[in-house]
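Okay, thanks everyone for coming. I'd like to walk you through a structure today, so let me put it up on the screen.

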Amino acid sequence: MLKWVRKGLRAGIKTTGYPHTRESAPGISPGRPAAMLCDGPQEAGAVAGRCPTGALSNQGNMIRVDHRRCVHCGRCRQDHEHAMAWEGGYEWAGGRKAPGEMAAAFSRSLHIRILDAGACGACLSEIKQISSPYYNIHRLGFFITPTPRTADVLLVAGPLTDPMRLPLERCYAAMPDPKRVVAVGACAVSGGIFGPSFAAAAGISQCVPVDIEIPGCPPPPLALLHALLMVAGKTKQT
Amino acid sequence: MGPTLNNVLKFTDLPRMVASRWGDSLEIKIDQERQLIQITCDPEVLQDLCQWLFYRQGYSLATLIAEEAPPEWVMRYILYGDTGNGQVHVLTRFPLSRTKVPSISPAIHAADWQEREIEDLFGLSFEGHPKLGDFILHEDWPEGASPMRTAFDASRLHPRQESGPPWRPEMIVKTPGAFMMPVGPVYSDTAESAHFLLETVGEDVVRTIPKFFYKYRGVEKIAEGMPADHALLLAERFSGSSAFAHSLAFCQALEAICKIQAPPRARALRVLLAEMERLRHHTAAVAGICSSTALAVAASQTSIIEEDLLRLTCRLAGHRYFFGLNTPGGLARDLPDGECKKASEAAWIVLDKLKELHEMLRFTSSFLDRLEEVGSVSRKKAVAYGLVGPVARASGVSRDLRVAQPYAGYGQQTKFQVPREAEGDGYARLRVLFAEAEQSVNLIHQVASTLPAGPVRTAAAPTEGCALGWAEAPRGAAFHWLRTDGSGNIRRYRVMPPSFVNWHGFHLAAEEFAFQDFPIIMATFGLSNAECDR
């Protein structure tokens, strides 16, 4: 077993400095389209029309982005004259409630419960990464807990498939107050490309009250960290 | 890796052999270019014919497709052979009013779950199938409503019915103390939603009864009527951990319908990207196995490699999970030669790290104790269940679509081996993962150093037609069958992912082993419920 200890020590510290310093390693985020001013309303309409999920819309020359619907397909920036500009970054989490309502219920550690409501695997893979050495949520006092009875935060990914409605309701009901629900990814936020349909809802807010939404398909690990920091009152709410 | 003389003889001989056996009850069409034999037969000879192809001629079952084509049903059974043996599509037709189909699963067990799926979603009943009933749709789904029928409205939630207590199977162990242990659908970590009933006497798991499709999003149904471009988003995102392989299979089906081929540069880049996805998937699978055995340092170190690969992918392809790259006719954008070379160099470094890790794991006895001779699947069972991918290759079945049915840039230009192990236990599956990761790095290097110049996209005009697309996804063979109408919209979409096939055989590995081995066996199978449930 000693060889494993040595290997761990040899690998050194990989962990990001976020939130104390900004993380700028390449490849940590796919980026996303940013609101843009076009030359004319026709160009703006043409660019917005390329979006298959209706995340882009134009008002005159201005193209707006509804990040809740964006699935990073990249079609708005591909080999066209008027390509959308994309921004980097990862602080994507946003509150669904007024800042007063979210008043710091938690200021120290958080216990997190994860629920898969029909996620494709990419969101879950990013959630898995937050406990790995690169992101290591433990240093921030965040822990994944196996039971809803001791959970403060419920992280839910997926559009909410019908058979997962009951498990989600029960899981939420089993959590003690105060509690927070975080919708992870475009599917959980808006139904994404799957809902609403005969098999899935238009996001988890149709079943449980959502406090924080993280758009993205999938949101990168740092966006998840951003949301958790927001719950813990350690970052300003956007 | 071209077809050998024997194989060529077999493919061209097959129609004659079929005709001499079943004579007038069928009609045979041969498509030399696509290496495809289409046999239309009476429902009565279906089982015989499929059994003969499967067991006597060594064809594997790709998928079953039910299609509503008024005034009749068309059932399509797709089988594929080894290198040079092409595909056989067996078709049978009967009037829409008829709801009974002869089952082939008494002869070919690999068709078992596929027939159950069609029964549940189309309302067709398979005569001779031993176990039909709730499968994809759970107890609260009203009887008689068949979501895959064309008339069904898929746009809104279907009213559910009151359901009694959940179904419980009859217990086969009658000794005192025997009990049925429910596991899932919600787990304690990031595991996907799925439910198992484990019949146990306290230590050994006697029987594993899975209840899946908690994540059924009805992808095949909601794709209907969509423009192909939009349905591509579904193909890419129903299983995010193998997005590139599935979007590739989908695009290749469309390309076959439009009778176009992606340019050589796109075909080469598709190999590079598909192998990078395999490398990342296998790394993640190894991390999963390490963490299932509570080997924390190994799990952490492997997940560092996984994140390195995710970042590498993002730098190269613009997305950590390859979303938005495949497009009908090629790739959505070109990747610079320099970046591909850099990626290939980074892949070598990853391989060195994986090799070091493998070497350390090989000499960690507490780890090996949990894997060796645990969760074994025999070769015979693997063939009968039609298992695919690394799971099948660890049980001595070396079929790999990259070799058996070459696509994209696989074939003559690229050289690689298909690793195979004989034991069929958890350790064999781990060794196959490591060996395949090494082959993937070799392939990435080969492609990156011989990238042809030129465009990466051929224009595709919407056409009416149907075709099969396939790819060897990280978890095994993936098939996407499409029918489009004149304006290029999807009329019928069928996906057969490797996880669906391998979950069917999972109980073989989990039964007769100790309770605490269950999560480890699950990890060595490395399957995805999102991919299975669709």
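**A walk through chains A and B**

Let's begin with one residue on chain B: R265(B) has a relative accessibility of 4%, so it counts as buried. One reminder while you find it: this is a predicted model. R265(B) sits in helix α7 of chain B, which covers residues 264–292. What does R265(B) touch, leaving out residues up to four places away in sequence? There are two stretches to look for: D334(B), L335(B), P336(B) and D337(B), and then L451(B), P452(B), A453(B), G454(B), P455(B) and V456(B).

Okay, over to chain A. It has six helices and 11 strands. Its radius of gyration is 19 Å, and the globule rule gives 18 Å for 238 residues, so chain A is as compact as a globular protein of that length. If you want the outline, the C-alpha atoms fill a box of roughly 65 × 45 × 35 Å along the principal axes. Of the 238 residues, 59% count as buried. And if you take contacts in chain A between residues at least 6 apart in sequence, 76% of them join residues at least 24 apart.

Here's a pair that shows this kind of thing. G94(A) is in strand β6 of chain A, residues 94–95, and with a relative accessible area of 17% it falls under the 20% cut-off, so it is buried. G94(A) and H226(A) are 132 residues apart in sequence, yet their C-alpha atoms are 9.3 Å apart in space.

Now the interface. How many residues of each chain are in contact with the other? It's 61 from chain A and 70 from chain B. The area buried between the two chains is about 5300 Å², with 61% of that coming from carbon and sulfur atoms. For the polar side of things, there are 24 residue pairs in polar contact between chain A and chain B, counting pairs with both residues at pLDDT 80 or more. On the chain A side, the elements giving two or more residues are α1 (2–11), β7 (110–116), α3 (122–129) and α4 (165–174). Of these, α3(A) gives the most, with seven residues. Sorted by type, the chain A side divides into 34 nonpolar, 14 polar and 13 charged residues.

There are also five salt bridges between the chains. One to look at is R320(B) with E126(A), where the closest N and O atoms are 2.7 Å apart.

E126(A) brings us back to α3(A), as E126(A) is one of its buried residues. Is that helix mostly covered or mostly open? Mostly covered: seven of its eight residues are buried. What covers them includes β7, β9, β10, α5 and α6 of chain A, and also α8 (296–317) from chain B.

Last stop, T145(A), in the loop between β8 and β9 of chain A. Is T145(A) buried or exposed? Its relative accessible area is 4%, so T145(A) is buried. Its side chain makes a polar contact with the side chain of T150(A), at 2.8 Å. Leaving out residues up to four places away in sequence, T145(A) touches H111(A), I112(A), R113(A), T150(A) and A151(A), plus S188(B) from the other chain.

That's the tour, and I'm happy to go back to any of those spots.

Technical notes:
Residues numbered from 1 in each chain as written. Chains lettered and ligands numbered in written order. Heavy atoms only, no water. Contact = heavy atoms within 4.5 Å. Buried area = accessible area lost by both parts, 1.4 Å probe. Salt bridge = Lys/Arg side-chain N within 4 Å of Asp/Glu carboxyl O. Polar contact = N/O pair within 3.5 Å; in protein donor to acceptor, adjacent residues only side chain to side chain. Helix = DSSP H or I, 4+ residues; strand = E, 2+ residues; numbered from the N terminus. Nonpolar A, V, L, I, M, F, W, Y, C, P; charged D, E, K, R; others polar. Buried < 20%, exposed > 50% of the residue type's maximum accessible area, 1.4 Å probe, protein only. Rg over C-alpha atoms; globule rule 2.2 N^0.38 Å.
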